[in-house]
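Me: Got a minute to go through a model with me? I'd like to start with how a pair of helices packs.
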Amino acid sequence: MTSGSGSSRTSVPRQKQRRSRRRPGHTPGRDSPALSALGYFQTLPLEIFQMVLNYLSVKDISMLSMVSKTISGRLINYISTSSGSRRLLLQDFHQELPARREGASILEHYRALGLLLKRCTLLLPTRDRLKYVHKVLSGVSCFKLNGCASPLHCLGLQCYGVFLQILTAGWDELECHRVFNFLWELSNLARKVQTVVSSKPGSARRLELRIRLFCRGVLLSPGSRRSDSAFWLTRILKPWPMVNQARLLYIIFGPVSSRDGHVVWQKMIEGPTDETSLKGLADAIKLLYGTEAREWTADDVISLVDELSVVPQEWLMENNARLLLLSGNSICFTFLASKAVNGRAVELARLMVFMVLVCEKDLYCMDWAVKMMQKVCKVFSTPWERNNFLQCLENSFARMLMDMLQAVLAGERDEEDSSFLNLFHLMNAQANFHKEILYMAMGSTSSTS
């Protein structure tokens, strides 16, 4: 029986039966590469596919776009539909948003949307990418320069800024040039900037405000890398003559009214101002002076600072001194040294006195002022020039003290008694300045003896 069963096994030929294995996303009879690239989504009607997308976060949809070119194409079509636009183009820019499923604010939402469109349009030329992005965002009125009725209480331009920041991250300089030109022409900014820089300061207050908010929110988006900010600020300023660059810099970074947000043009002329009013300008100057701004030389920046100090009229010298201190040691020294080289000893001495006064008022270390004076003295080519500067410095102290004393004796007082306070600060500043000089002189004498 064993042998019979054995013979029966040998008499029946063994047939190889292989089960056909399906590739993921493959359906028999449907071998189209486009369909196979959709994976299991190929079995879903387009309407159901788009309904599934409504349950995904923007970050998840962004990840999905990298699966295949076919899925990316479907996502591009979905974003262009009315349901996709309603889902993705949130427009509640004027109120605090409730917590979403991903716990994101509206700024984070548009940051994620920027990444989504960056990935979906990855294979398109820059020009086509920009056209598609503009087509998608064209319905958002708050993204336009004059699109929002309440721009001071709107997050629209900031959302547009973070969107573009993510979209253009990693693009080369030529591509970024195209982005700037596209935005510049789309918003007709060249004509609008020409209007504000050639008009009387403050005569086009609303347009000044719009340009300020657009440049700060969209092109100079908060949180950008210094190199990116330097690039965009250079693109904004460089097409214009130096005098217009200074005006434009003041419009974008100068002090504004806390009531209506308009640029305050008389702030630097009417009286001493605080650090808050000058910080934006100082940060912009430091940005242009840094290594990131390759198209700006030290002479360019110094000329810009010089031009800025007469916008719209000549500033109070104390405000000039405070701006230089906030701009950093390198800019401050370069500015002072340029005056020394050009033989402007009297102007240099007066500015130095006001820097000493600002150090006293704003509680900076007075030895900084003394060391800065020492560095400037080394710039002079002859002992006579150096001694002449030091004489001018002491004369400036004496003249300013006499002027302030006369104002006090004449009874020129206001509610804050500023005349007396100015005299008080200047006397203390002079005493502390000379004290540091004596310390330094006695220290060097003891070290050599």
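Reply: Sure, one definition up front: angles under 35 degrees count as roughly parallel, over 145 as roughly antiparallel, 65 to 115 as roughly perpendicular and the rest as oblique. This is a predicted model, where local features need pLDDT of at least 70 and side-chain atom pairs count only at pLDDT 80 or more, while totals for chains, interfaces and linings use all residues. Residues are numbered from 1 along each chain as its sequence is written, and side-chain values use heavy atoms, with hydrogens and water left out.

Me: OK, at what angle do α10 and α13 pack?
Reply: About 50°, with the axes of α10 (residues 173-186) and α13 (residues 226-237) 11 Å apart. The two helices are therefore oblique to each other. Axes here are lines fitted to C-alpha atoms, for helices over the stretch in contact, and angles run from 0 to 180 degrees between N-to-C directions. Helices are DSSP runs (H or I, at least four residues), numbered from the N terminus.

Me: Which residues of α10 and α13 meet?
Reply: From α10, E173, C176, H177, V179 and F180; from α13, F231, W232, R235 and I236. Contact means heavy atoms within 4.5 Å.

Me: And by class?
Reply: The contact has six nonpolar, one polar and two charged residues. Ala, Val, Leu, Ile, Met, Phe, Trp, Tyr, Cys and Pro count as nonpolar, Asp, Glu, Lys and Arg as charged, and the others, Gly among them, as polar.

Me: Switching topic: what's the average pLDDT?
Reply: It's 88 for the protein, and 87% of the residues score at least 70. pLDDT is the predictor's confidence in each residue, from 0 to 100. Among the elements, helix α1 (residues 2-11) has the lowest mean at 43, and helix α14 (residues 242-253) the highest at 98.

Me: Where does pLDDT stay under 50?
Reply: Over residues 1-30, for which the model has 11 contacts beyond four places in sequence. Residues 97-104 are below 50 too. Where pLDDT is low, the predicted coordinates should not be read in detail.

Me: Any backbone oddities to check?
Reply: V311 and P312 are joined by a cis peptide bond, omega about -5°. P312 is in the loop between α17 (298-308) and α18 (317-327). N188, a residue other than glycine, has a positive phi near 55°, and so does L363, near 65°.

Me: Is L363 buried or exposed?
Reply: Exposed, at 75% relative accessibility. N188 is partly exposed, at 32%. Buried means under 20% relative accessible area, exposed over 50%, partly exposed in between (1.4 Å probe, protein chains only).
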